[in-house]
Amino acid sequence: MLKIAHQLGFYRENMSCIFCKIVAGEISNYTVYEDANMLAFLDVHPCSKGHTVIVPKKHVENLSAMDGELWNTTLAGVQQALKKVYTALKPDGVNIGINDGEAAGQTVPHVHWHIIPRYKGDAGGSVHSIIRSKESFDVSAVAKMFS
Ligand code: AMP
Ligand code: ZN
């Protein structure tokens, strides 16, 4: 039923969510990839040429709220969007990331992946440049917190 609703274009999960409005076609987008469950579109404030956002059509706020099935469909969508980006733009590499939660920089509370194409000489950093804590940690003590 959800699939049919999507295809007919009247499906909207959350009235106040900007990504749900994009999925419903109420806000236009530059689509990179779409299937029954996922939509990938160009970010309007790109970090690099071809910066793409991938969202599940189902409104889910963050990673903790995703079940296993949604993880699978979402990652399959990320893979398909990635193929499109590599084919269209031929970047030298990509960073793929997600800001999960406000503390991590999430501004739109509808779970989404970023594909950020990278080009030789673009002067950007790696994932490691997101944060370099001033605190030092004893890794073995942190490891005990998992047991
Ligand atoms: P985040 O900060 O991880 O929540 O990312 C939200 C992203 O959505 C930002 O990179 C925004 O530039 C992008 N964004 C917000 N509104 C739109 C829109 N209408 N179309 C495309 N991208 C958008
Ligand atoms: Zn939403």
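Biologist: Which strands does helix α3 lie across, and at about what angle does α3 run to β3?

Modeller: Helices and strands are DSSP runs numbered from the N terminus, a helix being H or I over at least four residues and a strand E over at least two. Here helix α3, residues 68–89, lies across β1, β2 (38–42), β3 (52–56), β4 and β5, and it runs at about 155° to β3; such angles, from 0 to 180 degrees, are taken between the N-to-C directions of lines fitted to C-alpha atoms, for helices over the stretch in contact. This is a predicted model, in which local features need pLDDT of at least 70 and side-chain atom pairs count only at pLDDT 80 or more, while totals for chains, interfaces and linings use all residues. Residues are numbered from 1 along each chain as its sequence is written, and chains are lettered from A and ligands numbered from 1 in the order in which they are written.

Biologist: In what order do the strands form the sheet?

Modeller: Strands of a sheet pair through backbone hydrogen bonds, either parallel or antiparallel. In this structure 5 strands form an open sheet in the order β1-β2-β3-β5-β4, with antiparallel pairing. Its edge strands, β1 (31–34) and β4 (93–97), each pair on one side only, and neighbouring strands of the sheet are turned by 20° against each other on average, direction ignored.

Biologist: How many bridges join β1 to β2, and how many join β2 to β3?

Modeller: Two strands count as paired if DSSP finds at least two bridges between them. Antiparallel β1 and β2 are joined by 3 bridges, and these strands form a hairpin with 3 residues between them. On the other pair, 5 bridges join β2 to β3, which also run antiparallel. You can follow L39 across these strands, since E34 stands opposite L39 in β2, while L39 stands opposite V55 in β3. For β4 and β5 (residues 113–118), the antiparallel pairing extends over 5 bridges, and V94 stands opposite P117 in β5.

Biologist: Is I54 buried or exposed?

Modeller: A residue is buried if 20 or more other C-beta atoms, placed from the backbone, lie within 10 Å of its own, exposed if 12 or fewer do, and partly exposed in between. I54 lies in strand β3 and is buried, because 25 other C-beta atoms are within 10 Å. Leaving aside residues up to four places away in sequence, I54 touches M38, A40, G77, V78, A81, H112, W113 and I115, where contact requires C-beta atoms within 7 Å. In β2, 4 of the 5 residues are buried, so this strand is largely enclosed by the rest of the structure. Of the 147 residues of the chain, 21% count as buried.

Biologist: Which residues come nearest to ligand 1?

Modeller: A residue is near a molecule if its C-beta atom lies within 6 Å of it. There are 14 residues around ligand 1, of which V44, H45, N99, T107 and V108 come nearest.

Biologist: What is the mean pLDDT of the chain?

Modeller: The pLDDT is the predictor's confidence in each residue, from 0 to 100. For this chain the mean is 92, and 91% of the residues reach 70 or more. Over residues 1–5, however, the pLDDT is below 50, and this stretch has 4 contacts in the model beyond near neighbours in sequence. Where pLDDT is low, the predicted coordinates should not be read in detail.

How values were computed. Contact = placed C-beta atoms within 7 Å.
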